[in-house]
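Here is a short walk through the fold, for anyone who would like to know the molecule before heading to the bench. Have the viewer open as you read.

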Amino acid sequence: MKPDIVMDEFARHMGESFEVVVGEIVFPITLAEARPIQPSIRKGGSFSLIFNGPHSPILNQAMYDVRCGGEEWSLFIVPVGEKNGVFEYEVIFN
């Protein structure tokens, strides 16, 4: 059984580029923020990840394979919108 994903697993990659795999295309996003969500009943705690990406193209809300530093996760990514000159995406674990 795979252990629960915890915020620290991502927080150590703060500011690093992640690769979102979309078919044959690799879409770059950068981890900008990892923050806990309170209260949480989830083992390992609930948390939110904020990623920054280019303005175009924009990823649709969907499940994607995401890679960083030799690790890979399947994440449900939600486009949030433009903020401070970049396009934001959010992933929530709850």
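Let's begin with charges: the structure, a predicted model, holds four salt bridges. Three of them are set out here, with the N to O separation for each pair.

| Salt bridge | N to O separation |
|---|---|
| Glu19 and Arg67 | 3.1 Å |
| Arg35 and Glu33 | 2.7 Å |
| Arg35 and Glu90 | 3.6 Å |

Take the pair Glu19 and Arg67, joined in a salt bridge at 3.1 Å. This pair links distant parts of the chain, with Glu19 in strand E1 and Arg67 in strand E4, 48 residues apart. How open to the surroundings are the two partners, buried, partly exposed or exposed? Glu19 is partly exposed, with a relative accessible area of 34%, and Arg67 is also partly exposed, at 29%.

Now turn to Arg35, which meets Glu33 in a salt bridge of 2.7 Å and forms another with Glu90, where the closest N and O atoms are 3.6 Å apart. The pair of Arg35 and Glu90 links distant parts of the chain: Arg35 belongs to strand E2 and Glu90 to strand E6, 55 residues apart. Through shared partners, the salt bridges join Glu33, Arg35 and Glu90 into one network. Arg35 is partly exposed, with a relative accessible area of 34%, and Glu33 is partly exposed too, at 30%.

Glu90 deserves a second look. Its place is in strand E6, and its side chain makes a polar contact of 2.6 Å with the side chain of Ser48. Leaving aside residues up to four places away in sequence, Glu90 touches Arg35, Ser48, Leu49, Ile50, Phe76, Ile77, Val78 and Val80.

How are the strands arranged around the fold? Six strands make a closed barrel in the order E1-E2-E3-E6-E5-E4, with antiparallel pairing. From one strand to the next, the twist averages 45 degrees. Within this barrel, E3 and E6 pair in the antiparallel sense over seven bridges. Phe47 stands opposite Phe93 in E6.

Next comes the nonpolar interior. In soluble globular proteins, nonpolar side chains tend to be buried together. Here the largest nonpolar core has 23 residues, and those with the most contacts inside it are Phe10, Phe18, Leu49 and Ile77. At least two residues of this core come from each of helix H1 (7-11) and strands E1 (17-22), E2 (25-37), E3 (46-53), E4 (62-68), E5 (71-83) and E6 (86-93).

Ile77 is a handy residue to click on. Its contacts, not counting residues up to four places away in sequence, include Val20, Ile29, Tyr64, Val66, Tyr89 and Val91. Polar residues are among its neighbours as well, including Asn60, Gln61 and Glu90.

Two loops finish the tour. Pro57 is found in the loop between E3 and E4, and the peptide bond leading to Pro57 from Ser56 is cis, with omega near -5 degrees. Asn84 lies in the loop between E5 and E6. Although Asn84 is not a glycine, it has a positive phi of about 55 degrees. Is Asn84 buried or exposed? Asn84 has a relative accessible area of 74%, so it counts as exposed, the cut-off for that class being over 50%.

Technical notes
Residues numbered from 1 in each chain as written. Predicted model: local features only at pLDDT ≥ 70, side-chain atom pairs only at ≥ 80, totals over all residues. Heavy atoms only, no water. Core = buried A, V, L, I, M, F, W, Y, C linked by side-chain atoms within 4.5 Å. Buried < 20%, exposed > 50% of the residue type's maximum accessible area, 1.4 Å probe, protein only. Helix = DSSP H or I, 4+ residues; strand = E, 2+ residues; numbered from the N terminus. Contact = heavy atoms within 4.5 Å. Polar contact = N/O pair within 3.5 Å; in protein donor to acceptor, adjacent residues only side chain to side chain. Pairing = 2+ DSSP bridges. Axes fitted to C-alpha atoms, helices over the stretch in contact; angles between N-to-C directions. Salt bridge = Lys/Arg side-chain N within 4 Å of Asp/Glu carboxyl O.
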